[in-house]
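Visitor: I am new to this structure and should be grateful for a close look at a single part of it. Please begin with the sheet and then proceed to the salt bridges.

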Amino acid sequence: MESSSMSVFSFASVAPYLLSLIAFLVFLEQISYLKRKRLIPGPAFVFPFIGNAVSLVRDPTKFWDLQSALAKSSDLGISANYIVGRFIVFIRSTDLSHKVFANVRPDAFHLVGHPFGKKLFGEHNLIYMMGQEHKDIRRRIAPNFTPKALAAYTSLQQVIILKHLMAWETLAFNASPAPISLRLLCRDMNLDTSQTVFVGPYLSQEARERFNHDYNFFNVGLMKLPIDLPGFAFREARLAVARLIKTLASCTEESKKKMEAGEEPRCLIDFWMQETLREIAAATDSGEPSPPHLSNAEIGGHLFDFLFAAQDASTSSLLWAVTFLDSHPDVLAKVREEVAGIWSPESDTMITAEQLREMRYTEAVAREVVRIRAPATMVPHIAGEDFQLTESYTIPKGTIVFPSVFESSFQGFPEPEKFEPERFMENRQEDRFYKKNYLAFGAGAHQCVGQRYAINHLVLFIAMFTTLLDFKRHRTDGCDDLSYVPTICPKDDCKVYLFRRCARYPSFS
């Protein structure tokens with residue numbers, strides 16, 4: 001009894017000091033935030049320790065819309081906030097975004113891809129590389145996207161797209177009269193496509209199923225609070241990434257064996273390993289050491305980067321393509337007319353690389369989809385040192401900076417809110433005149449190396465989807481509002497009614 005009383009007395013005696021300490025820490029945190037924020041727009045008060053992380057996770061669309069509105073209210077085109085102990089700056093201005101992209105180096109900005117990306121992707125990920133090391137890696141990656149390689153991928157892409165479109169029609173028939181949601185269907189199709197194009201013959205069906213399971217863990221964890229403890233989604237995502245990279249490293253090892261045996265490349269990793277083996281052989285012949293960053297584990301990590309970029313961004317673009325084609329029947333009619341003059345499903349032949357290049361209007365549609373709904377709306381960087389962004393504002397070291405490529409797409413272009421593929425046709429060439437505003441694939445040293453692959457995939461999907469299927473959106477209030485998952489998608493997950501349009505599906509056997 002006496003011991004219990006002493007414990008209560010002991011806690012009661014220190015409680016005021018603990019509360020005072022907490023209050024003092026909260027006060028210091030607010031002072032630190034306001035000192036970093038200075039006069040740029042942003043909340044005057046932030047919640048202790050977590051900042052506005054809850055509102056970001058609960059409704060990311062509303063959170064970023066507010067940051068955009070605050071930035072728009074300022075002559076500088078920037079705004080501030082605070083998330084889980086990190087001061088952030090949102091950049092709406094295209095010129096300032098370019099300033100960030102042009103200064104990715106140790107003493108300026110470090111690309112991170114995700115506010116807490118290093119915990120998820122690892123310290124030695126491709127997106128964290130800079131300088132000569134980064135240039136060397138991009139040089140080695142370049143052979144993966146030559147015209148010969150892209151032509152090989154085109155065939156693989158069409159086989160997968162056809163398989164999934166046929167399955168979608170069956171799902172829609174069975175669901176009738178209710179609509180079906182395309183978001184998860186597009187995601188699964190893209191994951192199937194990415195796996196096949198990148199490491200196709202080296203993934204068994206069992207490995208694919210495990211891969212899909214782990215990739216779902218990763219996707220969920222991206223949108224959760226970065227709590228790296230057992231039972232939390234972020235921890236599950238981090239562990240899933242490690243397993244995914246291990247799987248891709250095994251595929252790399254198998255590909256090396258095939259290419260060493262002189263077999264022809266069949267997928268992206270084969271083209272990569274073919275060039276890698278040549279580089280190793282050249283170094284050996286000249287008596288030089290083997291080039292760095294060629295281990296199976298490192299290449300597996302880079303393959304995961306490709307997968308992440310191709311998977312979620314592409315899913316977003318496919319969904320918005322369906323949405324805008326449905327709401328613009330004149331554009332849909334022009335696409336169908338162009339494709340019909342170049343390719344027929346009754347021919348039982350695939351769309352060739354040459355035919356794909358002939359689909360100029362369809363490609364203009366794809367580029368306009370990417371412009372008006374940039375999939376990855378922001379490209380997070382961290383300030384490695386204090387950086388003078390403008391004459392009146394210096395970004396403090398450690399700040400997470402969010403250049404908005406989405407906002408840039410609505411600057412410069414005439415009538416930017418209007419969906420108008422003609423802006424990308426030869427007679428207008430707005431992609432050249434307003435090149436600085438077209439940032440969906442980034443800019444500077446870290447510009448997307450696979451953008452031609454991404455555009456090809458979108459054009460192939462649009463050509464095949466509109467030719468093989470009739471579709472109609474199930475429209476409700478707010479169905480086309482933005483939803484972050486983690487790239488942007490229609491809020492209703494793109495609900496549609498689907499029917500077969502062609503007399504019969506092509507046979508690509």
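In what order do the three strands of the open sheet stand, and is their pairing parallel or antiparallel?

Guide: The model is a predicted one, in which local features need pLDDT of at least 70 and side-chain atom pairs count only at pLDDT 80 or more, while totals for chains, interfaces and linings use all residues. Residues are numbered from 1 along each chain as its sequence is written, and side-chain values use heavy atoms, with hydrogens and water left out.

The three strands of the open sheet follow the order S4-S12-S9, and their pairing is antiparallel. Strands here are DSSP runs of E with at least two residues, helices are runs of H or I with at least four, and both are numbered from the N terminus. Two strands count as paired if DSSP finds at least two bridges between them. Strand S4 (180-181) and strand S9 (469-473) are at the edges; each has a single partner strand, so one side of each lacks a neighbour in the sheet. Between S9 and strand S12 (residues 495-500), which run antiparallel, there are five bridges. Within this part, Leu 469 is placed opposite Arg 500 of S12. Helix H18 (residues 451-468) packs on the sheet and touches both S9 and S12, its direction making about 95° with that of S9. Contact means heavy atoms within 4.5 Å; axes are lines fitted to C-alpha atoms, for helices over the stretch in contact, and angles run from 0 to 180 degrees between N-to-C directions.

The segment after S12 leads to the salt bridges. Such a bridge is a side-chain nitrogen of Lys or Arg within 4 Å of a carboxyl oxygen of Asp or Glu, and the whole structure holds 35 of them. One of these joins the side chains of Asp 348 and Arg 504 (2.9 Å, N to O). Asp 348 belongs to the loop between helix H13 (329-340) and helix H14 (353-358), and Arg 504 to the segment after S12, so this pair ties together parts that are 156 residues apart in sequence. Asp 348 is partly exposed, at 29% relative accessible area, and Arg 504 is also partly exposed, at 35%. The cut-offs are under 20% for buried and over 50% for exposed, with partly exposed in between (1.4 Å probe, protein chains only).

Another salt bridge links the side chains of Arg 140 and Glu 279 (3.1 Å, N to O). Arg 140 is in helix H6 (residues 131-141) and Glu 279 in helix H11 (residues 268-285), 139 residues apart. Arg 140 is buried at 6%, and Glu 279 is buried at 18%.
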